[in-house]
Amino acid sequence: MSTVLQSYALDQWMTPTAGLTDVPSAIDGRVVARVSSAGLDFRAMAHHARTVGAPALRALTFHERAERLKSIALYLTDRKAALYALSADTGATKTDNLIDIDGGIGTLFAYASRGKRELPSERFVVDGMTEPLSKGGTFSGVHVLTPLAGVAVHVNAFNFPCWGMLEKLAPAILAGMPVMTKPATATAYVAESVVRLIVESGLLPAGALQLVCGSAGDLLDHLNGQDVLSFTGSIETSSKLRNHPVVTANAVRFIAERDSLNAAVLGTDAVEGTPEFDLFVKEVAREMTVKAGQKCTAIRRVFVPRALEAAVTTALTSRLDGATMGDPRQDGVRMGPLVSRSQRDDVRAKIREIARDAEIVHGAPFAGDDSLPEPLRAGAFLAPVLLRCAAPMTATVAHTTEAFGPVATLMPYDTLDEAVALVAKGEGSLVASVFTHDDAVADALVFGLAAFHGRVLVVDRDCAKESTGHGSPLPMLVHGGPGRAGGGEELGGLRGVYHYMQRTALQGSPRRLTQLTRRWARGAPAPAEGAHPFTRDYDTLEIGETVMTAPRVITLEDIEHFARFTGDTFYAHMNEAAAKANPFFPGRVAHGYLILSFAAGLFVQPDPGPVLANYGLDHLRFLKPVSPGDTIAVRLTVKQKRAAKVPEYGEVRWDVEVFNQAGETVAQYDLLTMNARRLAAAAS
Ligand code: NAP
């Protein structure tokens, strides 16, 4: 018996009673779910997200949101077997599930960990350095990022109902925006189950996640300039959404991931017998058959040097013959069916179009179901199809028509420049992979192709074992592409999070910027000096606390001693004539490392205390040479504090400025230390 899918709206599960659409199993066509969004009040849902979900998420810090994402990932991990079982009816094999279910959960883990590591334990991000904007130093500027105050509407494609949903959900929630997610109808039953588990976990605040099963209705009519519309699917639907009058009039942020005629290019050096030739054939066959080719990153166009075309065709054909197609639940099956018979009709129609530019050299896409083994006849099975386009320079549809199934077109090229020009005919793609072990070939192809792609993968014998392959973007790398692939949005990683935030320039006095950003800006007054900050734990340190050290003269003896002791006898420190000949130095000068070491000697408080470790310097610059006889002094200021992953420690960023006797800055840098927290100190 099929299930009527529920939507999750206004923190309640809603059952539709009208307008139900049957969703067939990809394996045997039986109805597995019935779907409709009739009766949903999209205006109320958007309002609920903005007024209930958004404030609740914004009240959490990035670290707290990241913690929730991690807990959701753990919750789903414990229950993923049920999702695998459900996913078989979409046509997914065990390997396909690894991408969709495990990959989706992995994305949550990745954002959680990146959020904890790289975002502050705050509700906003300070982006970049504070810039002085006036001569007297009383007026400065800095950028901050804050979450948009709207709702993130996610419209997803059918092919990865779990991964596709979670790779959008994770950055939005981490940024602090509530989500309304709309899965594609064909596989909505998997997405519904994932949302059901997330809701059941109780880990997201009320209003933070709503689910629309069925069509998007008039949802877009209710969006405004604080909302984000993020779409994955075909170029046709994308154009409709981008040009929706409300989306245009209200300047709704729009992100699209769509059709992509991804390419794989075999280098001219990768002749038969080389590891790169074999890797190429294996990867093209894999990309054609994983998820039955219904992957946004699948290789659609296969470019090979003309002299290698016959050899590639033979090797590829034999590999495709070995890809067992069948019921995805069975062991040994490498390729399942397409998601539905209507999708198969669409793929066949696209093959017909491509065949205007090319001939079919492997597969029989138009043979009836009778040509399939009996158990597969009721499903949406389609064996891999390889086409060959003999004159790709004059072809058009072969470069711009995406058959979203196990279909690729082989195209010969004569020169590397021609290969680049041919790939570019795809009008912008998510990913291209280049198979070569030759430096010049790699150089020509990679820099020729980069402008047309969000990601370029270079495969050779050195990385093949550990490479994640053509089709697997890691969650923290760019996923998206220019032109046809969506428009060049740089999704993935923290940029994906920042897409849900507004970047705002703040201007004001250094004191005001310090107070607002919780990061000390040069020129801000220091709190009254108390005990040395090295004697106080993380929690009692105040931003802006400053130590001004006593001066120290640097002698020639110091420099020579340092040189002998460290072995750094570079001429600028040891040879007066050679140093003078150098355009930067008046004569022998102190080592930069000597200045750093002496600076530490001036500012540290040596007793055991809460400062546990120095773990690095950022933004180090030596600005003026220090000559023998010069005097240096150091100003050390608490610049920023950041809670660490573990509760016992916190990271303290110190602003360090080293001056000479004329008050000129000779060096500046940020020093990072790990400091014990008060709780830890109290417990010990
Ligand atoms: P699609 O037909 O364009 O549908 C995508 C989504 O849009 C579905 O949720 C669909 O809902 C919804 N939709 C359709 N018409 C709409 C409208 N007028 N208003 C609002 N929403 C609407 O694409 P698909 O067949 O699901 O997916 C296959 C395509 O996705 C391929 O072209 C593939 O290249 C692309 N894709 C791209 C990426 C990428 O990252 N670039 C990733 C995956 C897939 P219903 O299902 O309810 O109609």
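**Exercise 1. Find which exposed residues sit on the face of α17 turned away from its buried side, then work out how the buried residues are arranged around the axis.**

Solution.

Step 1. Start on the outer face. In this predicted model, Glu-557, Arg-564 and Phe-565 are exposed on the side of α17 facing away from its buried residues. Exposed here means over 50% relative accessible area.

Step 2. Turn to the buried set. Helix α17 spans residues 556–566, and Asp-558, Ile-559, Phe-562 and Ala-563 are buried in it. The cut-off for buried is under 20%.

Step 3. Look down the axis. The buried residues of α17 fall within an arc of 130 degrees, so they line one face of the helix.

Step 4. Identify the cover. Elements over the buried residues of α17 include β22 (552–553), α18 (571–574) and α20 (592–603).

Step 5. Check the helix end. Gly-567 comes just after α17 and has a positive phi of about 85 degrees.

**Exercise 2. Describe the largest pocket: its space, its lining and the domains that contribute.**

Solution.

Step 1. Take the volume. The largest pocket holds about 850 Å³ of space.

Step 2. Locate the centre. The lining has 46 residues, and Ala-157, Phe-158, Gly-233, Ser-234 and Thr-237 are the closest to the pocket centre.

Step 3. Sort the lining by class. The split is 16 nonpolar, 17 polar and 13 charged residues.

Step 4. Assign elements. At least two lining residues come from each of α5 (163–175), β11 (228–232), α7 (235–242) and α11 (341–354).

Step 5. Assign domains. Domain 1 (42–258 + 495–501) and domain 2 (263–473) each give at least three residues to the lining.

Note on methods:
Residues are numbered from 1 along each chain as its sequence is written. This is a predicted model: local features need pLDDT of at least 70, side-chain atom pairs count only at pLDDT 80 or more; totals for chains, interfaces and linings use all residues. Side-chain values use heavy atoms; hydrogens and water are left out. On a 1 Å grid over the protein atoms alone, a cavity is a set of points where a 1.4 Å probe fits but cannot get out, and a pocket is an open set with protein on both sides within 12 Å along at least five of seven lines; lining residues have an atom within 4 Å of a point. Grid points are joined across faces, edges and corners, and a volume is the space filled by probe spheres set on the points. Helices (H or I, at least four residues) and strands (E, at least two) are DSSP runs, numbered from the N terminus. Ala, Val, Leu, Ile, Met, Phe, Trp, Tyr, Cys and Pro count as nonpolar, Asp, Glu, Lys and Arg as charged, and the others, Gly among them, as polar. Domain bounds come from an automatic or database domain assignment. Buried means under 20% relative accessible area, exposed over 50%, partly exposed in between (1.4 Å probe, protein chains only). The arc is that of the directions from the helix axis to the C-beta atoms. Contact means heavy atoms within 4.5 Å.
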